[in-house]
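Q: I would like a close look at one part of this model, set in the context of the elements around it. Please keep the account plain.

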Amino acid sequence: MEILTINNVSIDYGGHRPVVKSVNLAVNPQEIIGIVGESGSGKSTLIRAMLGLLPIGGRVSAGEIIFKGRNLLDYSKREWRELRGNKIAMIFQDAGASLNPTRKIGNQFIESIQSHFECLKADAYAKAIDMLGKMRLPDAASIMNSYTFQLSGGMKQRVAIAMAMAMEPEILLADEPTSALDVTIQAQVVRQMMDLRNQFKTSIIIVTHNMGVASYMSDKIGVMRQGEFVEWGTRAQVINNPQHEYTANLLSAIPELGGRRLV
Ligand SMILES: Nc1ncnc2c1ncn2[C@@H]1O[C@H](COP(=O)(O)OP(=O)(O)OP(=O)(O)O)[C@@H](O)[C@H]1O
Ligand SMILES: [Mg+2]
């Protein structure tokens, strides 16, 4: 059974025209869905709506978002809060910026783990170190002991990704999580996300400009244009037989990931 189903969802920012137009999307457990598309096509708007995190002015004007049999749009504020970071986690493009600059990474990370799992501080610490290591961050212990200003943008981004993944969410929503990282590290983070899916049966929706990333990791790929999916299918269908010229162009211009082409 599908874990998340989006039925005819339209979203606007108060203007006359919706920026997401009657979109349908079904996510199965343990499935990775890649969403690509040009700037302004509505990718971020769509995935933010799945977590009730539309920017001010944004609203879902039609449709429903069913998570495990219930429409999220009927959730109370409290239910949304409980859902976020717990059952559904999100990695933003500038996720590193969401870290608290006044507290050491370690304290934030441990607190976040302990708020989701009943465990000893030492176990939370070990889990954090493990996740940081998986993000290929050198010297995880010293990172735990650092403030954000002591880390580069790419390091902060990987810390934030590690924190989201440590929650072992049922669904991970990722909006351009790796765009700011250099290609070798990007490849590593992508493999970690796939690992997470294998280990914890996490469903992942990843928004990316990089068709190489999408086609490497996704079971299904959707291409958005002007608020709609113009292309939708399994990885093989989309790669081997794109229906839309725009998709074909994206496929012919796939950048390399980690020094090699992936498709
Ligand atoms: N806070 C906002 N207020 C008003 N309009 C917005 C807001 N955020 C996005 N939009 C509009 O909604 C449309 C979709 O934007 P969105 O950010 O979802 O696109 P995107 O596909 O994520 O683009 P990108 O690839 O550049 O991140 C755009 O036309 C944009 O101008
Ligand atoms: Mg976006």
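Is Gln30 buried, partly exposed or exposed, and what is its relative accessible area? Please go on from there to the strands and helices of the model.

A: The model is predicted. In it, Gln30 is partly exposed, and its relative accessible area is 31%. Gln30 sits in the loop that joins E2 to strand E3 (32–37). Its phi is near 70 degrees, a positive value in a residue that is not glycine. As background, most residues other than glycine have a negative phi.

Positive phi values are also found elsewhere in the model. Arg136, also not a glycine, has a positive phi of about 60 degrees. Arg136 lies in the loop between H4 and helix H5 (140–144). With a relative accessible area of 52%, Arg136 is exposed; the cut-off for that class is over 50%. Gln226 takes a positive phi near 50 degrees in the hairpin of E9 and E10, where two residues lie between the strands.

The loop of Gln30 connects E2 with E3, so the two sheets can be taken in turn, starting with the sheet of E2.

E2 belongs to an open sheet of four strands, ordered E2-E1-E4-E5, with antiparallel pairing. Strand E2 (20–27) and strand E5 (70–71) are the edge strands, and each pairs on one side only. At the E5 edge, strand E4 (residues 59–67) pairs with E5 in the antiparallel sense over two bridges. Ile66 has Asn71 in E5 as its bridge partner.

E3, on the other side of the Gln30 loop, is part of an open sheet of six strands in the order E6-E7-E8-E3-E9-E10, and there the pairing is mixed. Strand E6 (88–91) and strand E10 (228–234) are at the edges with a single partner strand each, so one side of each has no neighbour in the sheet. From one strand to the next the twist averages 15 degrees.

The mixed pairing of this sheet can be followed in two of its strand pairs. Strand E7 (residues 171–175) and strand E8 (residues 203–207) are joined in the parallel sense by five bridges, and Ile171 stands opposite Ser203 in E8. Strand E9 (residues 220–225) pairs with E10 in the antiparallel sense over six bridges. In that pair, Lys220 is opposite Thr234 in E10. The hairpin with Gln226 is formed by E9 and E10.

Helix H6 (residues 153–166) lies across E6 and E7 and runs at about 175 degrees to E6.

The helix before the Arg136 loop is H4, and H4 has a contact with H3. Two packed helices are described by the angle between their axes and the distance between the axes. The axes of helix H3 (residues 105–116) and helix H4 (residues 121–134) come within 9 Å and cross at roughly 115 degrees. H3 and H4 are therefore roughly perpendicular to each other, and their crossing is right-handed. On the H3 side the contact involves Phe109, Ile110, Ile113 and Gln114; on the H4 side it involves Lys121, Ala124, Tyr125, Lys127, Ala128, Met131 and Leu132. By class, the contact residues are eight nonpolar, one polar and two charged.

Notes. Residues numbered from 1 in each chain as written. Chains lettered and ligands numbered in written order. Predicted model: local features only at pLDDT ≥ 70, side-chain atom pairs only at ≥ 80, totals over all residues. Heavy atoms only, no water. Axes fitted to C-alpha atoms, helices over the stretch in contact; angles between N-to-C directions. Parallel < 35°, antiparallel > 145°, perpendicular 65-115°, else oblique. Left-handed = near helix turned anticlockwise from the far one by under 90°. Contact = heavy atoms within 4.5 Å. Nonpolar A, V, L, I, M, F, W, Y, C, P; charged D, E, K, R; others polar. Pairing = 2+ DSSP bridges. Buried < 20%, exposed > 50% of the residue type's maximum accessible area, 1.4 Å probe, protein only.
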